[in-house]
Amino acid sequence: MNTEVLMVYLPVDFGAGRSYGLPPLGCYYLATELKNRGRDARVLDACIEGWTVEETIDQIKKHDPAIIGISGLTPHLRSMRKVIQQLKKIGLGDRVVCGGPHFNDTQGEAMDFLGIDFAMYGECDHAFAELAERLLTGEDYSQVPNLIYRDEAGEIVTNPAGKYI
């Protein structure tokens, strides 16, 4: 399908089956901002769908995204890690950008646990879209606000937060 940016919201625990819940508004806000900029962005809600890890990975593979945004709260970290580990096994792990309330307080702390190179913190509606643009076009991303990333030496760098909307 070749989706440019795929936003993914995961359950706290996989395999619970379909459930009723609130839509992942943060993912939808980010996807909308990208669409407003002319980019192809979609949202997968594995939580509502009740998918297993394997079903979630299959859905991600169907979209063949250039960038995978995974959002979650602190209780989601283990499920995020499971998905990221599987994405790495199939060569998609370098495309992951994580964000959500957990990163607002801990910032780069979870990057080693999750095995990721990119995360966003704070209000990122515009900042995530800017990062996506730069990653998709191969431009320098080192000054994108709200970005936490690993530099060439593998050190975690936290950029200052941008202005609130």
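These legends go with a set of close-up views of a predicted model.

**View 1. Strand β3 and its covered faces.** Start with β3, the strand that runs over residues 67-71. This strand is mostly covered, and five of its five residues are buried. Look at one side and you'll find Ile67, Gly69 and Ser71, while Ile68 and Ile70 sit on the other. Both faces of β3 are covered, with every one of these residues buried.

**View 2. The strands that pair with β3.** Here we bring in two more strands. β1, made of residues 5-9, pairs with β3 in the parallel sense, over five bridges. To get your bearings, find Val5, which stands opposite Ile67 in β3. Then there is β4 (residues 96-99), which also pairs with β3 in the parallel sense, this time over four bridges. Your landmark for that pairing is Ile68, standing opposite Val96 in β4. Now add helix α4 (residues 77-89) to the picture: β3, α4 and β4 together make a right-handed β-α-β unit.

**View 3. The largest nonpolar core.** This core has 28 residues. Those with the most contacts inside it are Ile60, Ile70, Cys98, Phe103, Leu114 and Ile116. Who chips in? β1, α3 (53-63), β3, α4, β4 and α6 (111-114) each supply at least two residues of the core. Helix α4 gives the most, with five residues. Zoom in on Cys98 for a feel of the packing: leaving aside its neighbours within four places in sequence, Cys98 is in contact with Ile70, Met80, Ile84, Phe103, Leu114, Ile116, Phe118, Ala119 and Met120. Apart from this core lies another one, of 22 residues, and among them are Leu34, Leu131, Ala132 and Tyr149.

**View 4. A cluster of three rings.** A pair of aromatic rings is described by the distance of the centres and the angle of the planes. Searching the whole structure turns up two aromatic pairs. In one of them, Phe118 and Tyr141 have ring centres 5.1 Å apart and planes at 75°, so this pair is edge-to-face. The pair links distant parts of the chain, with Phe118 in strand β5 (residues 118-120) and Tyr141 in the loop between α7 (125-137) and β6 (147-150), 23 residues apart. Phe118 is buried, at 10% relative accessibility, whereas Tyr141 is partly exposed, at 24%. In the other pair, the rings of Tyr141 and Tyr149 have centres 5.6 Å apart and planes at 90°, so here too we have an edge-to-face pair. Tyr149 is buried, with a relative accessibility of 9%. Put the ring pairs together and they link Phe118, Tyr141 and Tyr149 into a cluster.

**View 5. A charge over a ring.** Here's a close look at Arg81 and Phe113. The charged end of Arg81 sits over the ring of Phe113, at 4.3 Å from the ring centre.

**View 6. Thr3, before the strands get going.** You'll find Thr3 in the segment before β1. Is Thr3 buried or exposed? Thr3 is buried: its relative accessible area is 1%, and anything under 20% counts as buried. Not counting residues up to four places away in sequence, Thr3 touches Asp40, Arg42, His63, Asp64, Pro65 and Ala66.

**View 7. Tyr164, out in the open.** Now hop to the segment after β7 (156-158), where Tyr164 lies. Tyr164 is exposed, with a relative accessible area of 71%. Find Glu123 as well: Tyr164 and Glu123 are 41 residues apart along the chain, and their C-alpha atoms are separated by 6.7 Å.

**View 8. Two residues with a positive phi.** Let's finish with the backbone. Gln107 isn't a glycine, although it has a positive phi of about 50°. Gln107 belongs to the loop between α5 (101-106) and α6, and it is partly exposed at 24% relative accessibility. Which loop holds Asn146? Asn146 is in the one between α7 and β6. The phi of Asn146 is near 70°, again a positive value in a residue other than glycine. At 3% relative accessibility, Asn146 counts as buried.

Methods:
Residues numbered from 1 in each chain as written. Predicted model: local features only at pLDDT ≥ 70, side-chain atom pairs only at ≥ 80, totals over all residues. Heavy atoms only, no water. Buried < 20%, exposed > 50% of the residue type's maximum accessible area, 1.4 Å probe, protein only. Pairing = 2+ DSSP bridges. Right-handed = clockwise from strand over helix to strand, strands pointing away. Core = buried A, V, L, I, M, F, W, Y, C linked by side-chain atoms within 4.5 Å. Contact = heavy atoms within 4.5 Å. Phe/Tyr/Trp six-rings, centres within 6.5 Å; stacked < 30°, edge-to-face > 60°. Lys NZ or Arg CZ within 6 Å of the ring centre and 35° of its normal.
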